[in-house]
Every structure is written in C-alpha cells, then in structure tokens.
Amino acid sequence: MDEKDRDDSPSALLGEVIDKQSWNALVVTTVLLSTLMMFIDGYDLHTIAFAAPSIMSEWSLSSAAFGLVFAAASFGMLVGGIVFGWIGDRHGRKLGSLAALVVCGLGSLSVLHARDVNLLSLCRFLTGIGIGGLTPLLYALNQELVPHRFRATVVAVIMMGYMAGSASGGAVAAALMPHYGWEPLFWIGGAFSLLLAGVGYVLLPESVAFLSRRAARKAEMATLLRRIDPTITPETVARIATIPDAPQGAASRGLSPLFSGHLSTITPLLWLAYICSSATVFFMISWLPTLMLGAGLSKAESALGLSLFILAGSIGGLVISAVIDRLGVSSITVIPVVGCLLLATLALPNLSSSGYMIAVGICGYFVLGGHQGLNGAAGLLYPSPVRASGIGWALSIAKIGSIIGPLVGGLLLAAELPRMQLMMIIASPLPIFAVSLILLGMAKSRERHARAAPVRD
C-alpha cells in the first residue's frame with residue numbers, strides 16, 4: 001500500500017494491534033470459555049426434549065399441550081437476541097454475556113419448581129431469553145478480539161460447542177433418568193450455567209473495540225491492549241485512546257442504526273439470507289428422520305442420519321468459515337447452490353442405505369455448513385457500535401425461517417407429494433440465499449471503497 005493511502009486513524013491502529021497478534025493466552029482463553037458457554041447453551045435448549053416424555057407421563061399431558069412448552073423457548077430466544085443485543089452494545093459484551101448465562105441458569109433451575117404446563121412454559125420462556133441472548137454477544141466479543149483472518153472461523157469453532165452441547169443431553173438423560181428421573185437434567189444445566197458465569201466474570205475479557213469507545217473505561221482498554229501486545233508503546237496506547245466515544249444513546253435508537261448508511265442495504269439482505277437458510281436447515285433437522293423412514297431406512301439408521309447431517313454441517317461450517325476469513329462473504333455463494341442441487345439426491349429412487357447416508361452427510365456439509373458460515377459472516381458486516389444488536393436482530397429474525405420450514409414441511413409431507421417435488425420445494429429458498437450473499441458481498445465492497453475514497457483523495 002502506498003504511504004499516502006495508509007489509514008493512520010486511531011481505529012485503524014487498533015485494528016492493526018489486534019490483527020498482528022497470534023494465538024496468545026488471552027485469545028485461547030476467550031475462545032475456550034466461549035465454546036464452553038455455547039456448549040451449556042445448547043444443552044439447556046435441548047434438555048427439555050429428552051425430559052418431555054417423562055414429564056408428559058408424570059403430569060398426564062398430551063403432545064399438543066406440551067407444544068406450548070417448546071414454542072415458549074423459541075419465542076424467548078427471539079426476544080433474548082434483541083434485548084441482549086441492545087444490552088451488549090450499550091453496556092458491554094462481557095456484562096451482557098454473563099447476564100444471559102445467569103438468566104439461562106435461573107430459567108433451567110426454575111423448571112424444577114414448575115408443576116403445570118403454563119408455569120413450565122414460562123420457565124422455558126425465561127431460559128430461551130438467556131439462550132437467545134448469549135449467542136450474538138459471544139459472536140461479537142470473539143470477532144472483536146481475534147485477528148481478522150480468524151474471525152469467521154472462531155464463530156464456527158464456538159458453534160461446534162453449541163452442537164456438542166445439544167447432542168450431550170441424550171447421553172446425560174440415558175445415564176441419569178432411569179435412576180433419578182428428569183429433574184437432574186435441569187439441575188446440571190442451571191448449575192453449570194451459573195458456574196460458567198462466575199468463571200467468566202474472572203477470566204472473560206471485555207471487547208477492546210467496545211472499551212475504546214467508552215471514556216470511563218479507557219484505562220481498562222489500555223490494560224487489555226498490553227495483554228494483547230506486551231510490547232505496545234505508551235504512544236500507541238495514547239493514540240488509540242483518542243478514538244471518539246460512541247454517541248450517547250446510540251444503542252437506544254432501536255432499529256434505526258441498523259438501517260443507516262450502507263447498513264440500509266446490508267441489514268435486509270442479511271435478514272433475507274437468514275430466513276431462507278433457516279427455513280431449509282430447520283426443515284431438514286425436524287423432518288430428516290421421517291424422510292429416511294419413508295425411503296425405507298430403519299429407525300436406527302434414521303436417527304444416525306440426523307446425527308451425521310449435524311456432524312457434517314459442523315465440519316462444513318468450520319471449513320466454509322475459513323474461506324470467508326480469506327476471501328469474504330461472497331466467496332461462498334456457490335455453497336447454497338450446490339446444497340440445493342444435492343438435496344434432490346435424497347429423492348432418488350432405489351438408493352441404498354449406505355448411499356442415502358453418504359448423500360445425507362454431503363447435504364449436511366453444504367446446507368447446514370453454509371448456514372454456519374453465515375453465522376460467522378454476520379458479525380463481519382456490522383461496525384463495532386452496533387455489532388451485537390445487528391447480530392442479535394439477525395439471529396432473532398432467523399427464527400421466522402426456523403418456524404416456517406418445519407411447519408410448511410409438515411404440511412407438504414401430509415400432502416404426500418412426490419419426493420422429488422417435495423425436495424425441490426424445500427430447497428427453493430437456497431437460491432435466494434445465494435443471491436443474498438452476492439448482493440451482500442457487493443454492498444460490503446462498496447462500503448470499503450467509500451471509506452477509502454477520502455483517504456486517496
């Protein structure tokens with residue numbers, strides 16, 4: 001880069017300090033703690049599914065009545081993403097994350113005192129608020145602390161913690177429920193959430209980008225900068241400390257900051273991408289075992305197929321996120337297109353059991369992996385002052401797709417459509433997802449050029 005083109009602003013200097021660091025103790029501690037927090041987040045969300053049969057039997061509840069309990073958690077997650085995104089941008093990613101963990105833990109423990117479906121639904125709504133609130137804050141914190149070349153990849157890593165936590169409830173339930181009933185599942189979730197909140201209070205750092213825009217916390221920022229780079233000079237710290245404070249009330253203006261300037265294009269495109277991707281992904285997660293049973297596979301193979309879909313998606317998300325880190329969000333446009341075409345293979349006649357399993361794994365890599373890649377890209381699209389709110393709203397809006405996909409899928413399955421027609425309808429949101437990625441990449445490129453233009457003048 002030509003010397004006259006060099007951006008020597010305090011914000012750019014802060015970016016250079018962060019980007020030149022390696023995998024030091026601070027970064028490793030943050031990523032590890034975040035992964036553990038996402039593990040318990042996934043555990044707390046899915047524990048109710050393993051406890052549901054015992055609770056319904058004990059309380060003489062129908063499946064329809066218990067549906068309110070599942071819906072309450074989803075609605076709580078929608079609310080939590082928005083509320084805690086605002087908290088994170090106003091009061092800090094660390095404080096918001098710890099508060100979300102406490103809410104999640106208290107929600108899990110409160111289930112132990114519920115004795116009817118309405119109170120249980122309220123407890124799960126509270127748990128859902130904490131679960132939905134934690135994710136965007138950990139995304140923002142990690143993306144603002146690690147070097148730019150790792151940011152999407154780190155999100156994929158901590159999401160693998162979430163996947164592992166989601167799956168762990170089955171093993172815990174199998175080990176404990178036959179001897180102790182369903183209550184220990186919630187004791188474990190609540191206790192570990194509160195324990196991790198305490199550990200995080202001691203070890204989890206605040207976002208240095210957030211601290212740099214708060215006058216009252218510049219000293220804390222200086223200490224964190226020295227942990228990031230022990231050789232940093234006092235002059236560099238002083239220069240970074242001149243970053244202007246975030247405007248008063250910037251995090252209090254609701255949605256308006258997310259639709260200001262170039263974000264007026266990025267936010268709706270990101271929301272559209274999330275809705276489309278979530279619709280297909282959550283159809284697959286909800287109905288894949290049913291599809292496999294209809295294709296002639298056994299119950300055991302169907303259960304294994306769903307696990308394979310999720311495992312392959314986790315691996316795909318890690319690889320795809322690494323590509324985003326190197327080449328940008330528009331570089332993965334082909335992923336949902338390939339996923340769309342591959343879903344048709346699940347409708348092929350006379351496919352052997354092993355062939356079906358291979359097809360499921362490859363579909364998981366591209367369909368779920370592309371969705372995980374979008375999680376990694378989301379935080380890269382927003383500036384620090386509104387990053388947590390932007391991610392929180394995007395993940396909350398994504399719930400529209402996660403509700404529509406399984407609901408419409410159930411109606412289509414009940415209509416007994418030909419399998420190829422069914423899979424093409426389910427895959428149809430993915431081309432829209434791909435177009436959204438192209439337009440997001442173009443919008444981000446225009447923003448970079450607009451920022452660079454005054455410097456090159």
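1. A bend at a residue is the angle between two fitted axes, one for the seven residues ending there and one for the seven starting there. With that in hand, helix H6 is a good place to begin: H6 bends by about 35° at Ala 173. Please keep in mind that this is a predicted model.

2. Here are some further details on H6. The helix covers residues 151-180, 30 residues in total. From its first C-alpha to its last it reaches 42 Å, close to the 44 Å expected at 1.5 Å a residue. After H6 comes Gly 181, and the phi of this glycine is positive, near 85°.

3. Next, how H6 sits against H5. The axes of H5 and H6 come within 9 Å, crossing at roughly 140°. Angles over 145 degrees would count as roughly antiparallel, so H5 and H6 are classed as oblique to each other. The crossing in which H5 passes H6 is right-handed.

4. You may like to look at the residues involved in that pairing. H5 contributes Leu 138, Tyr 139, Asn 142 and Gln 143 to the contact, while H6 brings Arg 151, Ala 152, Val 154, Val 155, Ile 158 and Met 159. Sorted by class, the contact of H5 with H6 has seven nonpolar residues, two polar and one charged.

5. H5 (residues 117-145) also pairs with helix H2 (residues 25-59): their axes come within 10 Å and cross at roughly 160°. Since angles over 145 degrees count as roughly antiparallel, H2 and H5 are therefore roughly antiparallel to each other. H2 passes H5 in a left-handed crossing. In the contact of H2 with H5 there are 16 nonpolar residues, six polar and three charged.

6. Last, a pair further along the chain. How do the axes of helix H15 and helix H16 cross? Helix H15 (residues 387-414) and helix H16 (residues 419-427) have axes that come within 11 Å and cross at roughly 165°. H15 and H16 are therefore roughly antiparallel to each other, and their crossing is right-handed.

7. Which residues make the contact between H15 and H16? On the H15 side they are Gly 409, Leu 412 and Leu 413, and on the H16 side Leu 422, Ile 425 and Ile 426. By class, the residues of the contact of H15 with H16 divide into five nonpolar, one polar and no charged.

Conventions:
Residues numbered from 1 in each chain as written. Predicted model: local features only at pLDDT ≥ 70, side-chain atom pairs only at ≥ 80, totals over all residues. Heavy atoms only, no water. Axes fitted to C-alpha atoms, helices over the stretch in contact; angles between N-to-C directions. Helix = DSSP H or I, 4+ residues; strand = E, 2+ residues; numbered from the N terminus. Parallel < 35°, antiparallel > 145°, perpendicular 65-115°, else oblique. Left-handed = near helix turned anticlockwise from the far one by under 90°. Contact = heavy atoms within 4.5 Å. Nonpolar A, V, L, I, M, F, W, Y, C, P; charged D, E, K, R; others polar. Expected span 1.5 Å × (residues − 1).
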